[in-house]
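Q: I am new to this structure and would like to go through it in short steps. Could we begin with a pair of charged side chains?

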Amino acid sequence: MSYSFEGKRVWVAGHRGMVGSALVRRLAAENCEVLTVSRDQLDLTDQRAVLGWMHGSRPQAVFLAAARVGGILANDNHPVEFLRDNLLIETAVLTGAESVGVEKLLFLGSSCIYPKHAEQPIREEALLTGPLEPTNEWYAIAKIAGIKLAEAYRREYGCDFISAMPTNLYGPGDNFDLNASHVMPALIRKVHEAKLSGGEVSVWGTGTPRREFLYVDDCADACVHLMQHYSDALHINIGSGSDVSIIELTHTVMEVLGYDGPVVTDPSKPDGTPRKLMDSSRLAALGWQPRVDLREGIALAYQAFLAGEGRGL
Ligand code: GFB
């Protein structure tokens with residue numbers, strides 16, 4: 001199949017977020033009209049308001065990148081917001097999309113939907129085959145519900161809704177608030193500050209968990225590729241294909257930022273899932289590959305951090 005954005009009205013829901021803003025950058029290369037609406041103008045958890053806005057704006061394609069997101073501690077500390085807000089947002093937007101006859105929609109999930117001890121690399125079929133990681137089960141449950149809602153709309157109403165599961169993302173527009181952030185922006189900030197003070201870099205947990213990282217503009221490119229070339233009920237993984245331990249990542253960030261000081265671990269903080277490497281061979285079979293490698297991506301993310309392009313700074 002092939003879907004064209006040519007001349008279409010394309011709504012990026014969540015355009016101020018890291019993924020949403022990367023999607024807006026990427027869609028500038030397509031000949032389409034990108035629709036955005038600010039949080040002040042539209043509360044995406046309000047189904048009635050979302051329906052009203054969608055009926056007025058008539059998007060033909062939708063990227064649902066809006067979500068309540070955060071790192072391991074934020075997930076653990078705010079179970080209600082991560083579960084409730086994400087359920088409300090996805091229900092409102094998918095319901096609205098069916099109601100206004102959207103031609104195509106992409107729902108964005110996360111690799112944390114998979115069981116804590118899923119076989120590695122994780123294939124799409126691993127969904128719902130085992131218990132979740134407790135630190136992010138609230139977010140995972142909401143995202144699993146979103147995948148299933150998209151699948152249900154396809155099955156019952158024939159909607160062309162697809163779901164993509166990106167791995168751990170980073171890049172411009174990330175959240176650098178250490179209490180809310182994911183590990184990559186946290187390490188960029190911590191290494192930068194340690195470099196200025198000559199102090200130590202504190203790594204949460206044991207440093208042994210392994211994670212797969214993807215630069216956010218690569219993720220946006222993959223999402224556009226999937227909208228153009230994928231139409232099926234099964235969600236699809238978006239990953240870089242390799243993972244690193246958190247301690248290896250710390251040393252790589254230090255090398256890229258040019259700091260060679262002491263590193264300490266803080267085992268009072270949670271480790272989370274021991275390993276989260278996805279099998280992205282279905283995406284590769286559709287002709288997509290990432291372009292930005294880890295070191296280049298860290299350098300680009302650091303430039304953005306220095307330019308103040310991020311939240312929590
Ligand atoms: O990125 P992160 O917060 O989330 O943490 P998850 C990844 C690993 O990095 C964990 C360690 O083992 C952390 O303990 N880590 C080390 C740190 N230092 C730090 C630090 O300063 N800050 C943070 N945040 N971590 C998230 C889920 O899981 O992954 C979300 O909570 C989502 O729901 C996201 O799915 C993609 O990879 O563990």
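A: Certainly. K269 and D266 form a salt bridge in which the closest N and O atoms are 3.5 Å apart. Please keep in mind that this is a predicted model.

Q: Is D266 buried or exposed?

A: D266 is buried, because its relative accessible area is 19% and the cut-off for buried is under 20%. K269 is partly exposed, at 24%.

Q: How many salt bridges are there in the whole structure?

A: A search of the whole structure finds 20 salt bridges. Among them is one between the side chains of D217 and R25, with an N to O distance of 3.0 Å.

Q: Where do D217 and R25 sit along the chain?

A: D217 belongs to helix α7 (residues 216-229) and R25 to helix α1 (residues 18-27). The two are 192 residues apart, and the pair links distant parts of the chain.

Q: And how accessible are D217 and R25?

A: D217 counts as partly exposed, with 25% relative accessibility. R25 is partly exposed as well, with a relative accessible area of 39%.

Q: Which residue forms a salt bridge with D243?

A: That residue is R210, and the closest N and O atoms of the pair are 3.3 Å apart. D243 lies in strand β10 (residues 243-245) and R210 in strand β8 (residues 210-215), so the salt bridge ties together parts that are 33 residues apart in sequence.

Q: Is D243 buried or exposed?

A: D243 counts as buried, at 11% relative accessibility. Its partner R210 is partly exposed, with a relative accessible area of 26%.

Q: Which residues are linked in a network of salt bridges?

A: The network links R26, E30, D221 and R291.

Q: Let us change topic to helices. How many residues has α5?

A: Helix α5 (residues 137-157) has 21 residues. From its first C-alpha to its last it reaches 29 Å, which is close to the 30 Å expected at 1.5 Å a residue.

Q: Which residues of α5 are buried?

A: The buried residues of α5 are Y139, A140, A142, K143, I144, G146, I147, A150, Y153 and R154.

Q: What covers them?

A: The cover over the buried residues of α5 includes α3 (72-77), α4 (79-99), β4 (104-108) and β5 (161-166).

Q: What follows α5?

A: G158 follows α5, and the phi of G158 is positive, near 70°.

Q: Another pair, please. At what angle do α6 and α8 pack?

A: Helix α6 (residues 183-197) and helix α8 (residues 246-257) pack at an angle of about 50°, and their axes are 10 Å apart. The two helices are therefore oblique to each other. The crossing of α6 past α8 is right-handed.

Q: Which residues make that contact?

A: On the α6 side, V183, M184, L187, I188, V191, H192 and K195 take part. On the α8 side, the contact is made by I246, L249, T250, V253, M254 and L257.

Q: Last topic: where is R9?

A: R9 has its place in strand β1 (residues 9-13). R9 counts as partly exposed, at 26% relative accessibility.

Q: What is R9 in contact with, leaving aside its neighbours within four places in sequence?

A: With those neighbours set aside, R9 is in contact with E33, L35, S57, R58, P59, Q60 and A61. R9 and E33 are 24 residues apart in sequence, while their C-alpha atoms are 4.9 Å apart in space.

How values were computed. Residues numbered from 1 in each chain as written. Predicted model: local features only at pLDDT ≥ 70, side-chain atom pairs only at ≥ 80, totals over all residues. Heavy atoms only, no water. Salt bridge = Lys/Arg side-chain N within 4 Å of Asp/Glu carboxyl O. Helix = DSSP H or I, 4+ residues; strand = E, 2+ residues; numbered from the N terminus. Buried < 20%, exposed > 50% of the residue type's maximum accessible area, 1.4 Å probe, protein only. Expected span 1.5 Å × (residues − 1). Contact = heavy atoms within 4.5 Å. Axes fitted to C-alpha atoms, helices over the stretch in contact; angles between N-to-C directions. Parallel < 35°, antiparallel > 145°, perpendicular 65-115°, else oblique. Left-handed = near helix turned anticlockwise from the far one by under 90°.
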